[in-house]
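Biologist: Could we go through this model together? I would like to hear the reasoning behind each label, not just the label.

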Amino acid sequence: MEDDLSEIVLRKILEQSEFQFSIMNCLKQNGSGFLRKNAVKFNTAAQSIPFIVLTDLDQKQCPVLLIKEWLGETKRHRNFLLRIAVHEIESWVMADRSALAKFLQISDDNFLQNPDDIGDPKRFLLNVVSKKCRKRSLKEALLPLPGSTATQGRGYNLVLGDFIRNSWRTSYAVESSPSLRRATAAINQLADLNQLK
């Protein structure tokens, strides 16, 4: 996983799937560099056990080019999934518009129908929180302190993690996020191949 929030989202996707997943280990080391460096090794290891790698597209052109960049000429093993949130994992979080709006106590009109179209989803989400959310405790947790160089508040992962674990629904989010829809379909196909029902 690229970061804590990605791990929480992926665990929720697996939990809400119709298949029975068992997570043996979750590997992450501060960002996508670790994942990129080890993608070919993960692909090789997938010959023995399924691997799911989740990363953000960020400012890359498209998911297909990112996968090619990470794997090079290596043929992807059928048990290796490299799934990409377009453009960041926050787009998947915002894809369940009604649940997130209820959590933030704002109108769901503040979120786009297709959050994959947002170039910087984290900034978009934080702007919505800053301008529309009236709940002080949420603003203090999610937003960086004034004058800080941080990109998010100290409680960002904790608060959004609680939202994802308790309220976020994959079945609703896939309707608004094509990249999430593709990821869940690939995860279900992986489970089917490995007879995880």
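Modeller: Happy to! Let me start with a definition: a residue is called buried when its relative accessible area is under 20%, exposed when over 50%, and partly exposed in between. Keep in mind that this is a predicted model.

Biologist: Then what makes Thr 184 count as buried?

Modeller: Its relative accessibility is 12%, and buried means under 20%, so Thr 184 counts as buried. Thr 184 lies in helix 10, residues 178-193. Leaving aside neighbours within four places in sequence, Thr 184 is in contact with Ile 13, Thr 170 and Val 174.

Biologist: Thr 170 is on that list. Is Thr 170 buried or exposed, and how do you know?

Modeller: Thr 170 has a relative accessible area of 9%. The limit for buried is under 20%, so Thr 170 is buried. Thr 170 sits in helix 9, residues 170-173. Not counting residues up to four places away in sequence, Thr 170 touches Lys 12, Ile 13, Gln 16 and Thr 184.

Biologist: Ile 13 turns up as a contact of Thr 170 and of Thr 184. Which residues meet where helix 1 packs on helix 10?

Modeller: Leu 10, Ile 13 and Leu 14 of helix 1 meet Leu 180, Thr 184 and Ile 187 of helix 10. By class, that contact has five nonpolar residues, one polar and no charged ones.

Biologist: Why is helix 1 called oblique to helix 10?

Modeller: Two packed helices are described by the angle between their axes and the distance between the axes. For helix 1 and helix 10 the angle is about 55° and the axes are 11 Å apart. Roughly parallel needs an angle under 35 degrees, roughly perpendicular 65 to 115, and roughly antiparallel over 145. The value of about 55° fits none of these, so helix 1 is oblique to helix 10. The crossing of helix 1 and helix 10 is right-handed.

Biologist: And what is the relation of helix 1 to helix 8, and how do you know?

Modeller: The axes of helix 1 (residues 4-16) and helix 8 (residues 156-166) cross at roughly 5° and come within 10 Å. Angles under 35 degrees count as roughly parallel, so helix 1 is roughly parallel to helix 8. From helix 1, the contact uses Asp 4, Leu 5, Ile 8, Val 9 and Lys 12. From helix 8 come Tyr 156, Asn 157, Leu 160, Gly 161, Ile 164, Arg 165 and Asn 166. These residues divide into six nonpolar, three polar and three charged.

Biologist: Which residues of helix 8 are buried?

Modeller: They are Tyr 156, Val 159, Leu 160, Gly 161, Phe 163 and Ile 164. These buried residues pack against helix 1, helix 4, helix 5, helix 6 and helix 7.

Biologist: What about helix 2 and helix 3: what makes them roughly perpendicular?

Modeller: Helix 2 (residues 32-45) and helix 3 (residues 63-71) pack at about 70°, with their axes 8 Å apart. The range for roughly perpendicular is 65 to 115 degrees, so helix 2 and helix 3 are roughly perpendicular to each other. On the helix 2 side, the contact is made by Ser 32, Leu 35, Arg 36, Ala 39, Val 40 and Asn 43. Helix 3 contributes Glu 69, Trp 70 and Leu 71. By class there are five nonpolar, two polar and two charged residues.

Biologist: Now the loops. Why does Asp 58 count as partly exposed?

Modeller: Asp 58 has 29% relative accessibility. Partly exposed lies between the 20% and 50% limits, so Asp 58 counts as partly exposed. Asp 58 is in the loop between strand 1 and helix 3, and its phi is near 55°, a positive value in a residue other than glycine.

Biologist: And what makes Gln 105 exposed?

Modeller: Its relative accessibility is 54%. Exposed means over 50%, so Gln 105 counts as exposed. Gln 105 lies in the loop between helix 5 and helix 6, with phi near 60°, also a positive value in a residue other than glycine.

Biologist: Which peptide bond is cis?

Modeller: The bond from Val 86 to His 87 is cis, with omega near -10°. His 87 is found in the loop between strand 2 and helix 4.

Technical notes
Residues are numbered from 1 along each chain as its sequence is written. This is a predicted model: local features need pLDDT of at least 70, side-chain atom pairs count only at pLDDT 80 or more; totals for chains, interfaces and linings use all residues. Side-chain values use heavy atoms; hydrogens and water are left out. Axes are lines fitted to C-alpha atoms, for helices over the stretch in contact, and angles run from 0 to 180 degrees between N-to-C directions. Helices (H or I, at least four residues) and strands (E, at least two) are DSSP runs, numbered from the N terminus. Contact means heavy atoms within 4.5 Å. Ala, Val, Leu, Ile, Met, Phe, Trp, Tyr, Cys and Pro count as nonpolar, Asp, Glu, Lys and Arg as charged, and the others, Gly among them, as polar. Buried means under 20% relative accessible area, exposed over 50%, partly exposed in between (1.4 Å probe, protein chains only). A crossing is left-handed if the near helix is turned anticlockwise from the far one by less than a right angle, and right-handed if clockwise.
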